[in-house]
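Colleague: Here is the model I wanted to go through with you. Please take me through it piece by piece, and tell me what each term stands for as it comes up.

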Amino acid sequence: MAPKLYYMAASPPCRAVLMVAKAIGLELELEAVEFEQLRTEEILELNPQHTVPILVDADEDFTIWDSHAIAIYLVGQYGNDDSLYPKNDVKQVAVINQRMQFDNILFDKCKAAFHPIMMGIEDVVSEEASDCMLESLGLLEIFLKDKPWIAGDDLTIADLTILALVATVEEVVFPIDPERFPKLSEWFNKAKELPYFEECNREGLDKMGQLVRHEVPLI
């Protein structure tokens with residue numbers, strides 16, 4: 001039985017998990033969740049924090065939430081190799097984990113920018129929120145200063161988790177300026193060529209754009 005993923009297409013963390021699964025050739029059973037379902041009894045029984053993504057691996061009698069934890073689990077449990085998360089390379093794992101912690105910071109800044117718009121409090125991303133995101137993009141530029149990928153010489157789950165967020169910023173807020181962020185722009189253009197990028201992100205990016213433009217209701 002395929003592991004079951006509870007997800008929202010617009011959610012960058014959910015899209016990150018979709019990309020990790022595709023990268024290791026794993027088919028998931030997908031269960032789309034709407035915003036108003038997050039506090040239902042079914043979701044709360046699976047995840048008392050009432051967030052998605054949630055992974056239920058019935059064959060292993062295992063349930064886990066948080067996109068980073070899910071990504072690590074999927075690679076370790078189902079990956080043909082550990083290239084996306086080389087668990088025996090302690091230093092490399094430390095860098096990957098640090099980058100994924102930074103992904104949490106970037107997510108919070110994106111949420112601070114998007115949430116007031118989706119709730120109808122603001123019409124556009126505030127200058128303060130925009131400046132915060134630009135600062136974070138500047139840190140990604142530093143991470144990529146002398147390496148082709150976010151955590152080093154090879155593609156890892158850190159790239160896929162951050163890619164989902166950067167794609168959202170690019171699609172909904174502002175394009176990545178190649179003059180201001182040349183390394184980040186190069187990385188993003190390369191990452192978008194991954195064979196599963198469009199399949200895993202297009203629906204969610206379109207939905208996020210509709211939410212921000214109020215073309216569809218949040219609830």
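Modeller: Helices and strands here are DSSP runs, with H or I over at least four residues for a helix and E over at least two for a strand, numbered from the N terminus. This is a predicted model, in which local features need pLDDT of at least 70 and side-chain atom pairs count only at pLDDT 80 or more, while totals for chains, interfaces and linings use all residues. Residues are numbered from 1 along each chain as its sequence is written, and side-chain values use heavy atoms, with hydrogens and water left out.

Colleague: Okay, let's start with Ala-16, where is that one placed?

Modeller: Ala-16 lies in helix H1.

Colleague: And is Ala-16 buried or exposed?

Modeller: Ala-16 is buried, because its relative accessible area is 2%, where buried means under 20%, exposed over 50% and partly exposed in between, with a 1.4 Å probe and protein chains only.

Colleague: What is Ala-16 in contact with, leaving aside its neighbours within four places in sequence?

Modeller: With those neighbours set aside, Ala-16 is in contact with Leu-160, Thr-161 and Ala-164, contact being heavy atoms within 4.5 Å. For Asp-153, by comparison, the C-alpha atoms of Ala-16 and Asp-153 are 20 Å apart in space, with their positions 137 residues apart in sequence.

Colleague: Switching to charges, how many salt bridges does the structure hold?

Modeller: The structure holds 7 salt bridges, each being a side-chain nitrogen of Lys or Arg within 4 Å of a carboxyl oxygen of Asp or Glu. One of them pairs Lys-4 with Glu-31, and the closest N and O atoms there are 3.8 Å apart. That pair links distant parts of the chain, since Lys-4 belongs to strand E1 (residues 4-7) and Glu-31 to strand E2 (residues 29-32), 27 residues apart. Glu-31 itself is partly exposed, at a relative accessible area of 31%.

Colleague: Which residues form salt bridges with Lys-22?

Modeller: Glu-27 forms one with Lys-22, its closest N and O atoms being 3.5 Å apart, and the side chain of Glu-199 meets Lys-22 in another, at 3.0 Å from N to O. The pair of Glu-199 and Lys-22 links distant parts of the chain, with Glu-199 in helix H8 (residues 197-212) and Lys-22 in helix H1 (residues 12-23), 177 residues apart. As for accessibility, Lys-22 is partly exposed because its relative accessible area is 30%, whereas Glu-27 is exposed at 52% and Glu-199 counts as exposed at 55%.

Colleague: And where do charges of one sign gather on the surface?

Modeller: A patch of negative charge on the surface brings together Glu-127, Glu-128, Asp-131 and Glu-135. For patches, the residues have over 30% relative accessible area and no salt bridge, with like charges joined within 9 Å and nonpolar side chains (Val, Leu, Ile, Met, Phe, Trp, Tyr) within 5 Å. Areas come from the Shrake-Rupley method with a 1.4 Å probe, and for residues only the protein chains shown count as cover. Lys and Arg count as positive and Asp and Glu as negative, with His and the chain ends not counted, and a charge is placed at NZ of Lys, CZ of Arg, CG of Asp or CD of Glu. Glu-128 sits in helix H5 (residues 127-143) and is exposed, with a relative accessible area of 62%.

Colleague: What about Ser-130, is it buried or exposed?

Modeller: Ser-130, which is also placed in helix H5, is buried because its relative accessible area is 16%. Apart from neighbours within four places in sequence, Ser-130 is in contact with Val-125 and Phe-174.

Colleague: Now the backbone, which residues are joined by a cis peptide bond?

Modeller: Val-52 and Pro-53 are, with omega at about 10°. Most residues other than glycine have a negative phi, and most peptide bonds are trans. Pro-53 is found in the loop between helix H2 (41-46) and strand E3 (54-57), and with a relative accessible area of 2% it is buried. Not counting residues up to four places away in sequence, Pro-53 touches several residues, including Leu-5, Tyr-6, Trp-65 and Asp-66.

Colleague: Which residues have a positive phi although they are not glycine?

Modeller: Among them are His-50, at about 45°, and Asp-66, at about 85°. His-50 is found in the loop between H2 and E3 and counts as partly exposed at 23% relative accessibility, while Asp-66 is in the loop between strand E4 (62-65) and helix H3 (67-78) and counts as partly exposed at 34%.
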